[in-house]
Amino acid sequence: MLQEESDLSLTIAQIVQKLKGSSLYAQLERQAWASLQRPEIKLESLKEDIKRFLKTSGWEKKLQNAVYSELSVFPLPSHPAAPPEHLKEPLVYMRKAQGSWEKRILKSLNSMCTELSIPLARKRPVGEQKELLNKWNEMGTDEPDLSLFRPVYAPKDFLEVLINLRNPNYENGDSLSFRTHLGLIQVPLKVKDIPELNFLKMSMYVLGKKDILYYEQLKTNVIQHDLLVDSLIYKDVKLTASNDDYYFVFEDYLYQVLLCFSRDTSVLGHFAYNSASPPRSYIRGKLGIEEYAVFYPPNGVIPFHGFSMYVAPLCFLYHEPSKLYQTFREMYVRFFFRLHSISSHPSGIVSLCLLFETLLQTYLPQLFYHLREIGAQPLRISFKWMVRAFSGYLATDQLLLLWDRILGYNSLEILAVLAAAVFAFRAVNLMEVTSLAAAEAVLADLSTLKVMPLLQIFLFATVT
């Protein structure tokens, strides 16, 4: 009991501390001071009157939303004796798999450094700094030679890792329910069924605002220092968003956001509840000496092929880079990081893959078995949709509706449900295909789909 009270007190203190550094706290403080001028505020009941004013004027609801928003990313309570890594990921085999994956990514990054004779980071000469500052708002017009750079990994590489995941305690799937799962994901995780997945109502919460000053500090860091990951960002934008009919016009914004994101050390905070760990590098000549170790990149996130598509849709909502940046950063540290790390979390990509396959096998068994028999495992098609949160596949207005639901329900599970709904919608055509290529052709264009009607039809059909 004492331990629970202690944990609760610590959580409250952490949330209070976090909110004190937010713009919401400053706004609340200004409103409280401004309320002193109101005639209904009496000195003898000052505290209660101000609380009543903040409640009736809507500020109490904003504060509640902010607290809920912070609570949603705190690790679940665990046993007092549990080691710190247990808070990041409770399953040992998941932690090991994530660790092996991180080593593979780092090896790829270091190999690129060696092959191209390029340092991980360098200070830009003064002339180069001035040039970059002058073209900050038109970086998309720059055409650096990126031919030798390659993405560190692509979603299909990550999928192969997930397919090979196994729990060593389950030899060939010991439990009956697990043995009957015929999909590509072969780990025994609990996923929800349709009655537990009701995404047709929504309770939105409001994200806070980051100061423009902080964004400008990150921008200064970009101007002063050149990182190898900058070229990976340039390459990714050129390969993805720049070739997209919806997003090519936002190329400048994408560079302004992603280059700053790579320098943002506050992003490191999310590794407290992420199964991944930030990569570390060493100052030249000090390899292996811990006091000379630094996180690389500074935010701890190595971009992969398609990473820029987490930002692109938000460009339609914000025309100020600082606001666009803050919204993307919040979306990433609360949700998107789970789409490219190995964990047992219900919103993690492993659980989403398993949920998608379970929904298809349970509610569309004929289609599932048909595709499996012709060598067109559905997950090989849908994985790219889910790992990108459908960015680049749905029309932008429909994608933002989907992301709105993710925010409202504080869950990524809707991605798996929508993926299953897409297969259900195209089921008649898919039953006629005889190869993976033909199945991919049927599902190649999702730009005409309407998200909410599609989900409603699928959920209604599976519960009646």
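This section describes the fold, packing, electrostatic pairs and backbone features of a predicted model.

The chain contains 21 helices and four strands. Of its 464 residues, 48% count as buried. Among contacts with a separation of 6 or more, 78% involve residues 24 or more positions apart. The exposed area of the chain amounts to about 23,200 Å², of which carbon and sulfur atoms supply 57%.

Helix 14, spanning residues 349-363, illustrates the packing of the helices. Its 15 residues reach 21 Å from the first C-alpha to the last, close to the 21 Å expected at 1.5 Å a residue. The helix is mostly covered, with 12 of its 15 residues buried. Among these buried positions are Ile349, Val350, Leu352, Leu355, Phe356 and Leu359, together with the polar or charged residues Ser351, Glu357 and Gln361. The buried residues of helix 14 pack against helix 6 (92-116), helix 8 (155-163), helix 15 (365-373), helix 16 (378-387) and helix 18 (413-425).

Aromatic side chains form 27 pairs. One aromatic cluster comprises Trp101, Tyr153, Phe158, Phe261, Phe304, Phe307, Tyr310, Phe328, Tyr332, Phe336, Phe383 and Trp403. On the surface, a nonpolar patch is formed by Trp33, Leu36, Leu43 and Leu46, with about 440 Å² of accessible area together. Tryptophan 33 is located in helix 2 (residues 23-35). This tryptophan is exposed, its relative accessible area being 59%, and therefore lies over the 50% limit for that class.

Side chains of opposite charge can pair when their charged atoms come close. A search of the whole structure yields 15 salt bridges. In one of them, arginine 124 pairs with aspartate 230, the closest N and O atoms being 3.4 Å apart. Arginine 124 lies in the loop between strand 1 (121-123) and helix 7 (126-134), whereas aspartate 230 belongs to helix 11 (residues 228-239), so the pair ties together parts that are 106 residues apart in sequence. Both partners are buried, arginine 124 with a relative accessible area of 10% and aspartate 230 with one of 2%.

Glutamate 330 takes part in salt bridges with two arginines. The closest N and O atoms are 2.9 Å apart in the pair with arginine 329, and the N to O distance is 3.1 Å in the pair with arginine 334. Glutamate 330 and arginine 334 are four residues apart in helix 13 and are therefore separated by about one helical turn. Glutamate 330 counts as buried at 12% relative accessibility, as do arginine 329 at 11% and arginine 334 at 8%. Elsewhere, salt bridges that share partners join Arg122, Arg124, Glu128, Asp226, Asp230 and Arg263 into one network.

Several backbone features merit separate description. Most residues other than glycine have a negative phi, and most peptide bonds are trans. A cis peptide bond joins tyrosine 296 and proline 297, with omega about -10°. Proline 297 is placed in the loop between strand 4 (293-295) and helix 13 (321-334). A positive phi, near 55°, occurs at alanine 389 and likewise near 55° at asparagine 410. Alanine 389 lies in the loop between helix 16 and helix 17 (396-409) and is buried, with a relative accessible area of 0%. Asparagine 410 occupies the loop between helix 17 and helix 18 and counts as partly exposed at 23% relative accessibility.

How values were computed. Residues are numbered from 1 along each chain as its sequence is written. This is a predicted model: local features need pLDDT of at least 70, side-chain atom pairs count only at pLDDT 80 or more; totals for chains, interfaces and linings use all residues. Side-chain values use heavy atoms; hydrogens and water are left out. Patches are made of residues with over 30% relative accessible area and no salt bridge: like charges are joined within 9 Å, nonpolar side chains (Val, Leu, Ile, Met, Phe, Trp, Tyr) within 5 Å. Accessible areas come from the Shrake-Rupley method with a 1.4 Å probe; for residues, only the protein chains shown count as cover. A salt bridge is a side-chain nitrogen of Lys or Arg within 4 Å of a carboxyl oxygen of Asp or Glu. Helices (H or I, at least four residues) and strands (E, at least two) are DSSP runs, numbered from the N terminus. Buried means under 20% relative accessible area, exposed over 50%, partly exposed in between (1.4 Å probe, protein chains only). The expected span of a helix is 1.5 Å times one less than its number of residues. Contact means heavy atoms within 4.5 Å. Rings of Phe, Tyr and Trp (its six-membered ring) pair if their centres lie within 6.5 Å; planes under 30 degrees apart count as stacked, over 60 as edge-to-face and the rest as tilted.
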